[in-house]
Amino acid sequence: MTREELLASIPVFESLTPDDLRALSGRLEQTESPEGDVIFHQGDEGSSLFIIDDGAVEIAYGEGKTRIVLATLFAGQYFGELSLFDRAPRSATATATKRSRLIRLDRDDLVDFVNKNPPAALRIIAEMSERLRQTNELMSRQVSRNVLEEEEESLTFGQRVADRVAAFGGSWPFIFLFAAIMAVWMLINILRYANFDPYPFILLNLVLSTLAALQAPVIMMSQNRQSSKDKLLAENDYQVNLKAEMEITALLRGHAEVLARLSLLERTLLRRGAVDVIPEQKPQPVASGD
């Protein structure tokens, strides 16, 4: 892959013309990083974009036990692009996981390129504006799911019955109804309106034991399903929060890139305008004394 193709594969530069890519590729520098070499540390001042021509690079956040690998990049991919515009400290550590050949673009070279080619700066800004617009559109979409409704649609008949039994068995109407039935049962046998279960109500005890034996596993089935619902809700919340965090990070990064490019373009245009508006000074003849 040529250097022009490497540059064109980066979204920031994909809108540049072939002439722009050719001119910018002439400012690229090649570096070699052996396996295990730290290209830059988290917190270092950033001033360069790196494109992987060959090899692999690992991007990690933190150190020691708190170290988290964010991504593993391979040939054709790039990293460190934000430092081209704001010189902000590096947000992660880049380490070559095997011998790598990197193409580096320094911020000073990019600034000089933009100063000499303002139309290219406008194309870069247009590309970043389009990416920011797409990010805003993505942020406006609904990404959460109602996992409870999805779960309800896949329930079997037995699971629906278990939920209804558990819901009714754990309610006040069930308590009042069951207490009324027991009271009527015992009064009928005590007052001798019927004598099918005299004191000590052995048949009633048998009914209660049977009901408890049947109701307990049904309620346990419903509780197990409730545990599954809780897991689905927790997983859905995690996915939504993770997506929101990534989208907000991308949005803030896009805003920072656009503002950096606008500031750079403004300075460039002001510098060029200042040169254009200053009238050319002509030497004034020196008056000779008498």
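Is Asp19 buried or exposed? Asp19 counts as exposed, since its relative accessibility is 53%, and the cut-off for that word is anything over 50%. Before I go on, please keep in mind that what we have in front of us is a predicted model.

Let me stay with Asp19 for a moment, and with the helix around it. Helix α2 covers residues 18-25, and its buried residues are Asp20, Leu21, Leu24 and Ser25. These four cover an arc of only 125° around the axis, which puts them on the same side of α2. On the other side of the helix we find Pro18 and Asp19, both of them exposed.

Asp19 also has a partner, because its side chain meets that of Arg22 in a salt bridge, with 2.8 Å from N to O. Arg22 and Asp19 are 3 residues apart in helix α2, which means that about one helical turn separates them. As a general point, an α-helix has 3.6 residues a turn, so residues three or four places apart point the same way. Arg22, for its part, counts as partly exposed, at 47% relative accessibility.

Now to a second salt bridge, where the two partners come from separate strands. The side chains of Arg104 and Glu29 meet with 2.6 Å between N and O. Arg104 lies in strand β6 and Glu29 lies in strand β1, which is residues 29-33, so this pair ties together parts that are 75 residues apart in sequence. Both residues fall into the middle class of exposure: Arg104 is partly exposed at 23% relative accessibility, and Glu29 is partly exposed with a relative accessible area of 34%.

Arg104 has another partner as well, and that is Asp106, whose closest O atom in the salt bridge is 3.2 Å from the N atom of Arg104. Asp106 belongs to strand β6, and at 19% relative accessibility it counts as buried, because the cut-off for buried is under 20%. The contact between the side chains of Asp106 and Arg104 is also listed as a polar contact, at 3.2 Å. How many salt bridges does the count come to? The count is 7.

Strand β6 leads us to its neighbour, strand β3, which takes up residues 48-61 and is mostly covered, with 11 of its 14 residues buried. What does β3 pair with, and in which sense? One of its partners is β6, residues 93-106, and the two strands pair in the antiparallel sense over 11 bridges. If you would like a place to look in the structure, find Ala60, which stands opposite Thr93 in β6.

A further partner of β3 is strand β4, residues 68-74, which runs antiparallel to β3 and is joined to it by 6 bridges. Here you can look at Glu58, whose bridge partner in β4 is Thr72. The two strands β3 and β4 form a hairpin with 6 residues between them, and in the turn Gly62 has a positive phi of about 85°. Then there is strand β5, residues 78-79, which is also antiparallel to β3 and is joined to it by 2 bridges. In this case the bridge partner of Ile51 is Tyr78, in β5.

Let me turn from the strands to two isoleucines, each of which sits in a helix. Ile125 is found in helix α5, residues 118-140, and Ile125 is buried, with a relative accessible area of 9%. What I would ask you to notice is the pair that Ile125 makes with Leu262, since the two are 137 residues apart in sequence and yet 7.2 Å apart in space, going from C-alpha to C-alpha.

The other isoleucine is Ile190, in helix α8, which covers residues 172-190. Ile190 is exposed, with a relative accessible area of 51%. Which residues form a nonpolar patch on the surface? They are Leu187, Ile190, Leu191 and Tyr193, and together they have about 470 Å² of accessible area.

To close, I would suggest going back to the model with two places in mind. One is helix α2, with Asp20, Leu21, Leu24 and Ser25 buried and with Pro18 and Asp19 exposed on the other side. The other is Arg104 in strand β6, which meets Glu29 of strand β1 and also forms a salt bridge with Asp106.

Notes: Residues are numbered from 1 along each chain as its sequence is written. This is a predicted model: local features need pLDDT of at least 70, side-chain atom pairs count only at pLDDT 80 or more; totals for chains, interfaces and linings use all residues. Side-chain values use heavy atoms; hydrogens and water are left out. Buried means under 20% relative accessible area, exposed over 50%, partly exposed in between (1.4 Å probe, protein chains only). The arc is that of the directions from the helix axis to the C-beta atoms. Two strands pair if DSSP finds at least two bridges between them. Patches are made of residues with over 30% relative accessible area and no salt bridge: like charges are joined within 9 Å, nonpolar side chains (Val, Leu, Ile, Met, Phe, Trp, Tyr) within 5 Å. Accessible areas come from the Shrake-Rupley method with a 1.4 Å probe; for residues, only the protein chains shown count as cover. A salt bridge is a side-chain nitrogen of Lys or Arg within 4 Å of a carboxyl oxygen of Asp or Glu. A polar contact is a pair of N or O atoms within 3.5 Å; within protein, one must be able to donate a hydrogen and the other to accept it, and residues adjacent in sequence count only if both atoms are side-chain atoms.
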